[in-house]
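This briefing gathers computed features for a reader who has the sequence and coordinates at hand. The points are grouped by topic.

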Amino acid sequence: MKTIMITGATSGFGEATARLFASYGWKLILTGRRQQRLAALQLELGGPKQVHICCFDITDRNAVEHAFETLPDSFSNIDVLLNNAGLALGLDPADKTDLDDWEKMVDTNIKGLMYCTRTVLPKMKQQGSGYIINIGSVAGNWPYPGGNVYCASKAFVRQFSLAIRADLLGTGIRVTNIEPGNAETEFSMVRFKNDEQRAEGVYQQTVALTAQDIADTVFWLASTPAHVNVTTMEIMPTEQATGPLAIYRKEK
Ligand code: NDP
Ligand code: 8X3
């Protein structure tokens, strides 16, 4: 029976992925800061034999290391690590943002992902197999106004994915960066700090991706044969595309 570790499993992509993999009999290691949601998922998806939960803040390096060190024996072989926990905070121009928000995005999207990856890799190398699936974003490829540090953090995820793949050549360990576009989850409520109207506006009068779309993608990737490595996958809703480059023109 295979095991997937999903960071940020308490909502959105992570939660949908947990449900899908559970339905195919995978064992799950689920992480996040919201203990009640983790406990409810554990109960729903098969109990402690099938689902191990770890409640910690991914920005806390010691907590990440402790979570890996204290995995029960039956969960210690991780076949897939889904580095999914992440967030955007705010959409203000760079001169007006809250520096604390910038730091939190760096700590979560970059450093948290680094901690989990670095901690799991020696074990995967020992196993001679393993799969790191990172959740980047279209924001890492296509900068937009107000995206500033969020875009930069996802560009890090893309480049980090490509670079560690180079390090891991010959180890049997695979790495993929999934780069989703607009998807309806709690992402916008977090970005706009519980401003419901603003968050809902992101998904109005358009058809966004769903968390299930991303879960299906992760499951497909995990089902590809061991000799295949999908390097990057950018996935947008049909009703999203890139725009033209902006040109500023002075008024006459
Ligand atoms: P959600 O807000 O629904 O889920 C985010 C998850 O990340 C939650 O489970 C949350 O758990 C966890 N998380 C956030 N901060 C921390 C932290 N400090 N420590 C531990 N866990 C944390 O959003 P999505 O499902 O949409 O987001 C998942 C990933 O997808 C993110 O990396 C996001 O940047 C990316 N993404 C999202 C897109 C979208 O449009 N929705 C598009 C492209 C990429 P908890 O709060 O319990 O700690
Ligand atoms: C989330 C998608 O376009 O809001 O990564 O940055 S976007």
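Is Thr 3 buried or exposed? Thr 3 counts as buried, because its relative accessibility is 1% and buried means under 20%. The model discussed here is predicted. The points below begin with this residue and then turn to the two ligands, the aromatic rings, Trp 220 and two backbone angles.

**Thr 3 and its surroundings**

- Thr 3 belongs to strand 1, which covers residues 3-6.
- With neighbours within four places in sequence left aside, Thr 3 is in contact with Trp 26, Lys 27 and Ile 29, and also with Phe 75, Asn 77, Ile 78, Asp 79 and Val 80.

**Ligand 1**

- The surroundings of ligand 1 comprise 30 residues, of which Thr 10, Ser 11, Arg 33, Tyr 150 and Thr 185 come nearest.
- By class, this shell holds 14 polar, eleven nonpolar and five charged residues.
- Three helices each contribute at least two residues to the shell around ligand 1: helix 1 (12-23), helix 5 (148-167) and helix 6 (187-191).
- An oxygen atom of ligand 1 is 2.6 Å from a polar side-chain atom of Thr 185.
- A nitrogen atom of ligand 1 lies 2.9 Å from an N or O atom in the side chain of Asp 57.
- For Ile 58 the partner is a polar backbone atom, 2.9 Å from a nitrogen atom of ligand 1.
- Ligand 1 taken alone exposes 880 Å², and the protein buries 96% of that area.

**Ligand 2**

- Ser 137, Ala 139, Tyr 144, Tyr 150, Phe 187 and Arg 191 surround ligand 2.
- The shell around ligand 2 consists of four nonpolar residues, one polar residue and one charged residue.
- Tyr 150 appears around ligand 2 and is also among the residues that come nearest to ligand 1.
- An N or O atom in the side chain of Ser 137 lies 2.5 Å from an oxygen atom of ligand 2.
- For Tyr 144, an N or O atom of the side chain is 2.6 Å from an oxygen atom of ligand 2.
- For Tyr 150, a polar side-chain atom is 2.6 Å from an oxygen atom of ligand 2.
- Ligand 2 taken alone exposes 250 Å², of which the protein buries 81%.

**Aromatic rings**

- A pair of aromatic rings is described by the distance of the centres and the angle of the planes.
- The model contains five aromatic pairs.
- Why does the pair of Tyr 24 and Phe 219 count as stacked? The ring centres are 4.2 Å apart and the planes stand at 25°, and planes under 30 degrees apart count as stacked.
- This pair links distant parts of the chain, since Tyr 24 and Phe 219 are 195 residues apart. Tyr 24 lies in the loop between helix 1 and strand 2 (27-32), whereas Phe 219 lies in helix 8.
- Tyr 24 is exposed, because its relative accessible area is 54% and the class begins over 50%.
- Phe 219 counts as buried, because its relative accessibility is 16%.
- Ring pairs join Phe 21, Tyr 24, Trp 26 and Phe 219 into a cluster.
- Trp 26, a member of this cluster, is also one of the contacts of Thr 3.

**Trp 220**

- Trp 220 is found in helix 8, which covers residues 211-223.
- Trp 220 is partly exposed, because its relative accessible area is 45%, between the limits of 20% and 50%.
- With residues up to four places away in sequence not counted, Trp 220 touches Val 230 and Met 233.
- Trp 220 and Gln 197 are 23 residues apart in sequence, and their C-alpha atoms are 34 Å apart in space.

**Positive phi in the loop between helix 6 and helix 7**

- Most residues other than glycine have a negative phi.
- Lys 193, in the loop between helix 6 and helix 7 (196-201), has a positive phi near 50°.
- Asn 194, found in the loop between helix 6 and helix 7, has a positive phi near 70°.
- Which exposure class applies to Lys 193? Lys 193 is partly exposed, with a relative accessible area of 47%.
- Asn 194 counts as exposed, because its relative accessibility is 59%.

Key. Residues are numbered from 1 along each chain as its sequence is written. Chains are lettered from A and ligands numbered from 1 in the order in which they are written. This is a predicted model: local features need pLDDT of at least 70, side-chain atom pairs count only at pLDDT 80 or more; totals for chains, interfaces and linings use all residues. Side-chain values use heavy atoms; hydrogens and water are left out. A residue is near a molecule or strand if one of its heavy atoms lies within 4 Å of it. A polar contact is a pair of N or O atoms within 3.5 Å; within protein, one must be able to donate a hydrogen and the other to accept it, and residues adjacent in sequence count only if both atoms are side-chain atoms. Accessible areas come from the Shrake-Rupley method with a 1.4 Å probe; for residues, only the protein chains shown count as cover. Helices (H or I, at least four residues) and strands (E, at least two) are DSSP runs, numbered from the N terminus. Ala, Val, Leu, Ile, Met, Phe, Trp, Tyr, Cys and Pro count as nonpolar, Asp, Glu, Lys and Arg as charged, and the others, Gly among them, as polar. Buried means under 20% relative accessible area, exposed over 50%, partly exposed in between (1.4 Å probe, protein chains only). Contact means heavy atoms within 4.5 Å. Rings of Phe, Tyr and Trp (its six-membered ring) pair if their centres lie within 6.5 Å; planes under 30 degrees apart count as stacked, over 60 as edge-to-face and the rest as tilted.
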